[in-house]
Amino acid sequence: MINITKNIETFTENFADLFIKTGASKTEFANNVGLKHSQIEPYLNGTIPITSNVVKICDYFNCSIDFITGLSNDFNYPNLKKGFNQSCFYPEYERLLKLNHTNHFQLSKLNIVTETSLSLWKKGSLPKFEVLIAIAYELGGSIDKMLGRI
């Protein structure tokens with residue numbers, strides 16, 4: 001079972017390090033990334049952004065989501081694409097389940113996902129970002145791959 005608190009701390013630490021290196025104010029950074037300035041402080045203090053905002057942050061730094069969440073030591077992938085493709089999530093999730101000889105119900109028993117989320121994901125919805133992190137850690141997957149970035 002993963003420790004989601006540790007993974008949130010990893011995101012926060014990596015984001016803070018990258019942000020400080022920019023030398024920009026929170027307002028300047030937010031404007032450059034396409035976020036609201038009021039969002040930056042909570043992210044620096046441990047609030048996990050929604051998926052689209054994590055993607056904007058990683059696109060700005062040209063880094064992988066896997067790096068910023070601590071899933072990989074690779075800052076970037078050679079074939080990393082900007083943005084994300086929501087339709088890539090469910091097929092990759094199914095592939096990871098098969099690869100790990102498990103199923104959605106088993107992950108729900110571990111409190112990683114909810115039983116009812118499967119039907120939403122089949123229709124194209126994305127899980128919350130912290131659930132993406134948990135799935136990637138539990139199944140040994142890549143968030144960037146789940147989001148069609150690689």
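Let me begin with a loop, the one between α4, residues 51-61, and α5, residues 65-68, because that is where Asn 62 has its place, and I should say at once that what we have here is a predicted model. What is worth noticing about Asn 62 is its backbone, since this residue has a positive phi of about 55 degrees although it is not a glycine. As background, most residues other than glycine have a negative phi. As for its surroundings, Asn 62 has a relative accessibility of 42%, and so it counts as partly exposed, given that the partly exposed class lies between 20% and 50%.

There is a second residue to mention under this heading, His 101, which is found in the loop between α6 and α7, the latter covering residues 104-109. His 101 is likewise not a glycine, and yet it has a positive phi, of about 50 degrees. Is His 101 buried or exposed? With a relative accessible area of 75%, His 101 is exposed.

That loop brings me to helix α6 itself, residues 89-99, which packs with helix α9, residues 129-139, at an angle of about 30 degrees, their axes being 10 Å apart. Because angles under 35 degrees count as roughly parallel, α6 is roughly parallel to α9. The crossing of these two helices, α6 and α9, is left-handed. Which residues make the contact? From α6 they are Phe 89, Tyr 93, Leu 96 and Leu 97, and from α9 they are Leu 132, Ile 135 and Leu 139. If we divide the residues of this contact between α6 and α9 by type, we find 7 nonpolar, no polar and no charged.

Key. Residues numbered from 1 in each chain as written. Predicted model: local features only at pLDDT ≥ 70, side-chain atom pairs only at ≥ 80, totals over all residues. Heavy atoms only, no water. Axes fitted to C-alpha atoms, helices over the stretch in contact; angles between N-to-C directions. Helix = DSSP H or I, 4+ residues; strand = E, 2+ residues; numbered from the N terminus. Parallel < 35°, antiparallel > 145°, perpendicular 65-115°, else oblique. Left-handed = near helix turned anticlockwise from the far one by under 90°. Contact = heavy atoms within 4.5 Å. Nonpolar A, V, L, I, M, F, W, Y, C, P; charged D, E, K, R; others polar. Buried < 20%, exposed > 50% of the residue type's maximum accessible area, 1.4 Å probe, protein only.
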